[in-house]
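User: I'd like to go through the nonpolar parts of a structure with you. Here it is.
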Amino acid sequence: MSDASYDSSIQEGEAQFGDYFALLKPRVMTLVVFTAFVGLLAAPVPVHPFIAFCAVLFIAVGGGASGALNMWYDSDIDAVMRRTAKRPIPAGKVTREEALAIGLTLSVFSCLFLAFATNYLAGGLLAFTIFFYVVIYTMWLKRATPQNIVIGGAAGAFPPMIGWAAATGEISTASVLMFCLTFMWTPPHFWALALFMRSDYDDAGVPMLTVTHGRRATRVHILVYTVLLAALAIALGFTQVGGPVYLTVAVVLNALFLKGAVDIWRRDEDASEGDNFLTERKFFKLSLLYLFAHFGAILIEAGIDRMGF
Amino acid sequence: MALTKEHELHTRRRSRNVGLGLTLAAFIAIVFGMTFVKVTRGGFAPNPSPVATAPAGQQGGANGN
């Protein structure tokens, strides 16, 4: 027996480091890193730069671990959908067992090290986020309810709250409202996408609002969530993380976002198909700017405070 | 067959090995950095012993001997 024969089953298409990294959903991680960073810097308690770096890193690793566990559990539906068919597991690069092992290891590692680096509340919140995303969303509700986007959005909304907890050791009105901002933003963002992307979730048996309740109901849902989002976004401006810069950004962007939601609500399918969903596409693009600009404004406010203006 | 210095396996798994090596090196740097910051900022300073802090004349241990 040759020394290499133990590995003879793995030949072409063997997983490279990048394939394992792809398990961590790096694109989702960028949002996690940005919002966690803002939450941490906006907190009124200064944190040592290296500890802040470690905290954001561990939050990102925890988010990535939940992504790996999501890919482990959802590998059957990932293989069916075009958008996800090239992920490492359905592509045959990484086995389900490897994804599970990496996900569990990184989950434990990230929560413990965040707790050691900062405090137990931050570590506990990160553990809850991973549990929520993997067990409550992925395993339980994703395939059971068309409100799956709303519930999944909660998991993505925790990072600024964890960042805040890492700095202060507590939960406050400002950190809850930062959570609410991402939480309420997620449904209109994804439902707008669902309106113009003929989703293949249906083939995979995942209930999406556009399919279960119809496209008219989806338009109404977008408007309702956008109204609630606008109220929360403005309210955040009156907490300790707000200020004139944030309020200006929030007022302008929420006015534009509300107008977009009303336009979507007013349109029917014929009008949308006529211009290839131009309004829905514009709303989706605006939603990307919306979240980035709100958290960017919070960051600017934190910078202004630190400089003593 | 002996595993040669540049076996095909090494080439095939280079990216995994280099990636894992860099990850472990980063892990060591992070643990070292965190320890350095915590210790130098006094986060892990041991509690002062009663003997060292007691006023002169009251020394003799915590049990009062």
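User: Which residues form a nonpolar patch on the surface?
Analyst: This is a predicted model, where local features need pLDDT of at least 70, side-chain atom pairs count only at pLDDT 80 or more, and totals for chains, interfaces and linings use all residues. Residues are numbered from 1 along each chain as written, chains are lettered from A, and side-chain values use heavy atoms, without hydrogens and water. The patch is Val108(A), Leu112(A), Phe116(A) and Tyr120(A), with about 450 Å² of accessible area together (Shrake-Rupley, 1.4 Å probe). Patch members have over 30% relative accessible area and no salt bridge (Lys or Arg side-chain nitrogen within 4 Å of an Asp or Glu carboxyl oxygen); nonpolar side chains are joined within 5 Å.
User: Which helix gives the most to it?
Analyst: Helix 5 (residues 96-117) of chain A, with three residues. Helices are DSSP runs (H or I, at least four residues).
User: And Phe116(A), buried or exposed?
Analyst: Partly exposed, at 44% relative accessible area. Buried is under 20%, exposed over 50%, partly exposed in between.
User: Switching to the inside. Which residues touch the most other members of the largest nonpolar core?
Analyst: Leu181(A), Ile222(A), Leu236(A), Tyr246(A), Tyr290(A) and Ile298(A), in a core of 47 residues. A core joins buried Ala, Val, Leu, Ile, Met, Phe, Trp, Tyr and Cys through side-chain atoms within 4.5 Å.
User: Which helix supplies the largest share?
Analyst: Helix 8 of chain A, with 10 residues.
User: Why does this core lie between domains?
Analyst: Because domain 1 (18-169) and domain 2 (172-309) of chain A both give residues to it. Those bounds come from an automatic or database assignment.

Conventions
Buried means under 20% relative accessible area, exposed over 50%, partly exposed in between (1.4 Å probe, protein chains only). Helices (H or I, at least four residues) and strands (E, at least two) are DSSP runs, numbered from the N terminus. Patches are made of residues with over 30% relative accessible area and no salt bridge: like charges are joined within 9 Å, nonpolar side chains (Val, Leu, Ile, Met, Phe, Trp, Tyr) within 5 Å.
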